[in-house]
Amino acid sequence: MSAGRADADSAARAVTDRVRGIRVLEAGPRALLVELDSGEDAEAFHAELLRRRAAGELPAVREIVPGARTVLLDGVEDRTLAGRMPSWTVPPLSRGAGEAVEIPVVYDGPDLADVAEAWGVAVDEVPRIHARAEFRVAFCGFAPGFAYLTGLPAHLSVERRATPRTRVPAGALALAGPYTGVYPRTSPGGWQIIGRMPGPDALWDPGREPAALLGPGARVRFVPTGVTG
Amino acid sequence: MSPAIEVVRAGALTTVQDAGRTGWAHLGVPRAGALDEPARRLANRLVGNAPEAAVLETTLTGCAVRVTGTRPVYAVVGGAGCRVTVDGRPAAWGAPVRVPPGAVLEAGPAVHGLRGYLAFAGGLEPEPVLGSRSADLLSGLGPPVLRDGDRLPLGRPGGAPRADTVPWPGAPAELVLPLHRGPRDGWFTEEALRTLTTAGYRVSERSNRIGLRTEGPALRRVRDGELPSEGMVLGAVQVPPDGLPVVFLNDHPTTGGYPVVGVVAEAALAGAAQAAPGTPVRFVEA
């Protein structure tokens, strides 16, 4: 194959294998909300922002806050950034890169049966299916250190509980929509609880660096343990 | 004995606040910090503190604190207008006041405005969390809401207190909030957008450090449902299903699923901090 042909191939790949549809919305005079076509693209765009910031290629931005399909840039001094971002070449998300954080989990949650029914599987299949998936922190919110994890196939999305619980214990492993989350502390919540993480204090410790065990972009695996009680 | 203050009367809601906890929104950490940031800075300047020093933020009913230690401490009560006393004797509002050791500095109930700021020479120095001493009432980070008997250490005084008289902005009789449209103005009907910038609203009693809630005409949407969670900025005007705009203040959640019709510029939020329930609110095109 000639060098010219190889270049054409890689150029063609560059056109197809990149994030498209980067829309920039203004969120007041100092913030930009970048909207992508999918959660996957938003994660890829967020990774690209962090790469550019680490390389010193991003103008000063106070906060970079990923969302489900967006990334918010707050405290943007250089307004020309808005015009430039849509033409960035953003490589697709490479899952499987980097070390995964392993979270021990006991699959004994009160909503296992409801989730099994929603998935159309036997109750004891739920832990197997869930633990097999490879997760990634798409974004954080709700409470410090609460991570919205993606990685379950789309057809395994579940509804929130019709009536939220007034008290979900710290460490509860729960599902809502396409997301998996682990409650860093006791709080109200409407997610379907399928298990619990022993020692949930590890999720959030403001005296530690980093304070959050699961920050945006982190890879995560759930490891079933025999711990009971 | 190292200098400190002891809380004699905590008041309705008194917290420690500095410039806030920025840089952690991606982990779900609200920024917190003084709602009336210019008042916090001015109070610090008048007692010779660095701008980042932590102060007390009071709500409506003021508070009283005793100065402990062996030396007098200079303090300034500013923000909401109120009666100031030292051991019961009238003292200056909005200017440095000398508080001898053992004496009680009292900021009385607000006569205009809502939130008072008490700066002490040396600054309040409870343990910082993620680089800030601000209390965050949404997530509970930082020092807890003050209670009677609490003790807060003071740092070393920096410069000398300033004797100059400075103008403090008064509390707004009407709160005018310049609004930058978007990012989700497209979720609302044209009529709703017109209503927002022409109708009169009032500050709701359900307002707090998380948001200034309003009462007035509900805004109709062209789309139902919730947005996929997205990042929220300070000053965002979020519209929950009841259609009544909420202006996000410093303890706002970092992400949310209700559409943001517009964003109020930060400079206008100091007025929002001082607008008592019932104050008329007008959103105007920025």
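**Close-up views of a predicted two-chain model**

**View 1. Strand β5 of chain B and its partners.** In β7(B), B:V97 is the residue that bridges to B:A75. Keep in mind that what you see here is a predicted model. That pair belongs to a stretch of 3 bridges, where β5(B) and strand β7 (residues 97-99) of chain B run in the antiparallel sense. Another neighbour is β8(B), which is antiparallel to β5(B) and tied to it by 10 bridges. For one spot along β8(B), look at B:Y117, which sits opposite B:G78. As a reminder, strands in a sheet pair through backbone hydrogen bonds, in a parallel or an antiparallel way.

**View 2. The hairpin of β5 and β6 in chain B.** Here strand β6 (residues 89-91) of chain B lines up antiparallel to β5(B), with 3 bridges between them. B:P90 in β6(B) faces B:T85. The hairpin leaves 2 residues between its strands, and B:D87 takes a positive phi near 50 degrees. Now step back to β5(B) as a whole: 10 of the 14 residues in this strand (residues 73-86) are buried, so the rest of the structure largely encloses it.

**View 3. A barrel in chain B.** Go round the ring and you meet 7 strands of chain B, in the order β10-β17-β14-β15-β12-β11-β18, closing into a barrel with mixed pairing. From one strand to the next, the twist averages 40 degrees. Helix α2 (residues 190-198) of chain B packs on the sheet and touches β10 (175-181), β17 (260-264) and β18 (280-285). The direction of this helix makes about 120 degrees with that of β18(B). Elsewhere in the ring, strand β11 (residues 201-203) and strand β12 (residues 211-215) of chain B are antiparallel and joined by 2 bridges. Zoom in there and you can find B:V203 opposite B:T214 in β12(B).

**View 4. The two domains of chain B.** The domain assignment splits chain B into domain 1 (4-153) and domain 2 (175-285). Their C-alpha centres are 28 Å apart. Where they meet, domain 1 of chain B puts in 20 residues and domain 2 of chain B puts in 15 residues. On the domain 1 side, α1 (37-46) and β8 (104-120) of chain B each bring at least two residues. That side is made up of 11 nonpolar, 4 polar and 5 charged residues.

**View 5. The two domains of chain A.** Chain A also comes in two parts, domain 1 (3-87) and domain 2 (100-224). The C-alpha centres of these domains of chain A lie 28 Å apart. Their contact takes 8 residues from domain 1 and 6 residues from domain 2 of chain A. Helix α2 (residues 39-54) of chain A gives the most to the domain 1 side, with 5 residues. By class, that side holds 4 nonpolar, 3 polar and 1 charged residues.

**View 6. Where chain A meets chain B.** This contact draws 31 residues from chain A and 26 residues from chain B. On the chain A side, β1 (23-26), β2 (31-35), β3 (63-66), β4 (70-74) and β6 (135-140) each supply at least two residues. The largest share, 4 residues, comes from β3(A). Sorted by class, the chain A side has 20 nonpolar, 6 polar and 5 charged residues. As for confidence, the predictor gives the complex an ipTM of 0.95 and a pTM of 0.93. Chain B averages a pLDDT of 96, and 99% of the residues score at least 70.

Note on methods
Residues are numbered from 1 along each chain as its sequence is written. Chains are lettered from A and ligands numbered from 1 in the order in which they are written. This is a predicted model: local features need pLDDT of at least 70, side-chain atom pairs count only at pLDDT 80 or more; totals for chains, interfaces and linings use all residues. Two strands pair if DSSP finds at least two bridges between them. Axes are lines fitted to C-alpha atoms, for helices over the stretch in contact, and angles run from 0 to 180 degrees between N-to-C directions. Two residues are in contact if their C-beta atoms, placed from the backbone, lie within 7 Å. Ala, Val, Leu, Ile, Met, Phe, Trp, Tyr, Cys and Pro count as nonpolar, Asp, Glu, Lys and Arg as charged, and the others, Gly among them, as polar. Domain bounds come from an automatic or database domain assignment. pLDDT is the predictor's confidence in each residue, from 0 to 100. A residue is buried if 20 or more other C-beta atoms lie within 10 Å of its own, exposed if 12 or fewer, and partly exposed in between; C-beta atoms are placed from the backbone.
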